[in-house]
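Okay, let's get going. I'd like to walk you through the side chains in this one, so have the viewer open while I talk.

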Amino acid sequence: MTPVSDPSSFSTVSKCATKHLNLIYHVDFDKRVLKGKVALTLEVLEDKFSSLTLDSKDLKIFKVSANGQAAQFEVGTKHKSKGSPLEITLPFELSRGQHVIVEIEYETSPSATALQWLTPTQTVGKKHPYLFSQCQATHCRSMIPCQDSPSVKHTYYAQVSVPKELVALMSALHDGQVPDPSDSSRVIYRFRQPVSVTSSSLTESCFLLTVYQTETMLKTAESLAGPYVWGQYDLLVMPPSFPYGGMENPCLTFVTPTVLAGDKSLAGVIAHEISHSWTGNLVTNRNWEHFWLNEGHTVYIERMIARCMESEHLRQFKGIGGWKELQESVNQFGANNVLTNLVPNLHEVDTDEAFSSVPYEKGFALLYHLEELLGGPEVFMGFVKSYIQLFAYGTVTTEEWKNYLFTYFKDKVDILNKVDWNAWMHTPGMAPVKPKYDTTMADACTALCQRWVKAKEEDLASFTEEDVKKLKSPQLIEFMALLLQEEPLPLSHVKKMQEVYQLNSVKNAEVRFRWLRICVRAHWEEAVPLALKMATEQGRMKFTRPLFKEVYNFSKYSDKALNTFKENRGALHPVTAMLVAKDLKING
């Protein structure tokens, strides 16, 4: 395995590697902390090994031992985004190949960025509190002192004590539950994860909700990518403040409730998170600069699932929508911003601030381009499956992926040599080649968009509800996305659109989100409270950040956006709150 430093981590991954974690947690809802003990089984990778560094963030460290002997430790200076290095000196010296168990007793901070604590009033049932963790990309260190780098993969065992009226879940197999011997009002849930995972995949949730399961997509994914190795696959619908559409924890996918009213958007999210069972969880990027290896391949497999279960037209249509999402990210960052590189330099960069659709959609565009060059979807999916088999249970860099691509297609090296790899990988802005997607499903969206854009006042009477009745839900979303790429429509046009299409009553969150942005851009004042309501009644970053920005950019309502955010900040996930604050130019 090629040694690659991780600019987002303090941990000494070249000196030792975590092979197993044993976690004991006491979930304290009153103090909003996890009281924990973690035992890290470490393999030593060098001779004369006597010290190591772990990642930590706002943790109270009480005691450290190594193989049962007390060990000296020091928490280093706090970095603005990476947390603090935890320097541990062993009471003995070890040689390469030996193992050591480092045990740490600690407590998390109430403001730990991996954790969101919800009061009973913030939940649907209103009776019980709720906790969930979200460790990607570098937040596990606020929950566990660890080697918080995707280059390190390990198994784990966990015991979680919670009030007995609650249920605990983790990204692992359930291994039974027992009464907590120290407190009769609590129960201990046990979990085991026999497949090696990264720290960003360590997730837990203490909740009172229903867990959903799905099968058809999983079988389709297996037919494409190979056997599913994780034993079980559960879906958990998260509270509204969950910051992402979904999160691919092994054995357990988190999904936002915004997809439940989204027609087929739930299917898209589940297809994406299921695909991560192979690309992301089984084969993992070595560090976050190679994040596109996780996300680009996952989008590729997700759209292959759509192809198998629906049609090639739908896969092509999704590619068109993805290209627009890429354009929006590039416009947002600026076409010369290095964070729009497929492989960005993340030295001294907060991984949360680097997050965008670039690794997803620029990555997919590269894979689709290679598919076209090398023989079509069946041929290229053969490579993707073989790549997964080769790197399964391990981590990979872009260079290793590219080397295997050249090995697998050794009879087509002349074609691969014509690809401008530097433009794709290390150049900011849009992808150097725009795929030629089939526009069968997109043509109706484009035509309707252009009718509205070109319409004069006297043309408005020609629009009727029939315009959108013949569009499927993904096409309606695409129509809205196209309008957002144009200059803002006149207010008279937007009011007419509401009159004939009744878009204010649409429940689909993807449609509603884009519709409200269109309204605010047209300076329709009645839409401002609706936009701020959607921005605050859920916390999915994809929706919340742009909605706050649209209202903030409507100068008459900038203060309203600021005040609404400040009033609701406490109900948002810490990462969402931090990024919205930056969007609205709030310091601190």
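Let me start with a question: leaving aside its neighbours within four places in sequence, which residues is Trp401 in contact with? Before I answer, keep in mind that this is a predicted model. Okay, so from the 290s Trp401 picks up Trp292, Leu293 and His297. Then there are Leu366, Leu367 and Leu370, followed by Phe383, Tyr387 and Val396. Trp421 and Met425 finish the list. Trp401 belongs to the largest nonpolar core, which has 180 residues, and together with Ile104 it touches the most other members. There's also a second core, separate from that one, with 14 residues, among them Leu236, Met238, Leu252 and Leu579.

Next up, aromatic pairs. How many are there? The count comes to 34 aromatic pairs. I'll show you two. Tyr130 and Phe132 pair edge-to-face, with 6.4 Å centre to centre and 75° between the planes. Tyr130 is buried at a relative accessible area of 4%, and Phe132 is buried too, at 0%. The other one is Tyr368 with Tyr437, and that pair is tilted: the centres are 4.9 Å apart and the planes make an angle of 45°. What I like here is that the pair links distant parts of the chain, 69 residues apart. Tyr368 sits in helix α6, residues 358-374, while Tyr437 is in the loop between α10 and α11. Tyr368 is buried, with a relative accessibility of 5%, and Tyr437 counts as buried at 12%.

While we're on rings, have a look at two charges. Lys82 lies over the face of Phe10, 4.7 Å from the ring centre. Arg303 does that with Phe364, at 4.5 Å from the ring centre.

Right, salt bridges. Side chains of opposite charge can pair when their charged atoms come close. The structure holds 30 salt bridges. Take Asp175 and Arg192, whose closest N and O atoms are 3.9 Å apart. Asp175 is in strand β13 and Arg192 in strand β14, so this bridge ties together parts that are 17 residues apart in sequence. Asp175 is partly exposed at 32%, and Arg192 is partly exposed at 37%.

Now go over to Glu371 and Arg315, which meet in a salt bridge at 2.8 Å, N to O. That pair also links distant parts of the chain: Glu371 is in helix α6, Arg315 is in helix α4, and they're 56 residues apart. Buried or exposed? Glu371 is buried, with a relative accessible area of 3%, and Arg315 is buried as well, at 1%.

For a local example, try Lys533 and Glu537, with 2.9 Å from N to O. Both lie in helix α16, four residues apart, which is about one turn of the helix. Glu537 is partly exposed, at 43%. And back to Arg315 and Glu371 for a second: salt bridges that share partners join those two with Arg307, Glu312 and Glu378 into one network.

Last stop is Lys57, in the loop between β3 and β4. How far away is the nearest side chain of opposite charge? It's Asp58, at 5.8 Å, and Lys57 has no salt bridge although it is buried. Past its neighbours within four places in sequence, Lys57 is in contact with Ser81, Gly83, Thr113, His139, Arg141 and Ser142.

That's my tour, thanks for listening.

Note on methods:
Residues are numbered from 1 along each chain as its sequence is written. This is a predicted model: local features need pLDDT of at least 70, side-chain atom pairs count only at pLDDT 80 or more; totals for chains, interfaces and linings use all residues. Side-chain values use heavy atoms; hydrogens and water are left out. A nonpolar core is a set of buried Ala, Val, Leu, Ile, Met, Phe, Trp, Tyr and Cys residues joined through side-chain atoms within 4.5 Å. Buried means under 20% relative accessible area, exposed over 50%, partly exposed in between (1.4 Å probe, protein chains only). Contact means heavy atoms within 4.5 Å. Helices (H or I, at least four residues) and strands (E, at least two) are DSSP runs, numbered from the N terminus. Lys and Arg count as positive and Asp and Glu as negative; His and the chain ends are not counted. A salt bridge is a side-chain nitrogen of Lys or Arg within 4 Å of a carboxyl oxygen of Asp or Glu. Rings of Phe, Tyr and Trp (its six-membered ring) pair if their centres lie within 6.5 Å; planes under 30 degrees apart count as stacked, over 60 as edge-to-face and the rest as tilted. A charge sits over a ring if NZ of Lys or CZ of Arg is within 6 Å of the ring centre and within 35 degrees of the ring normal.
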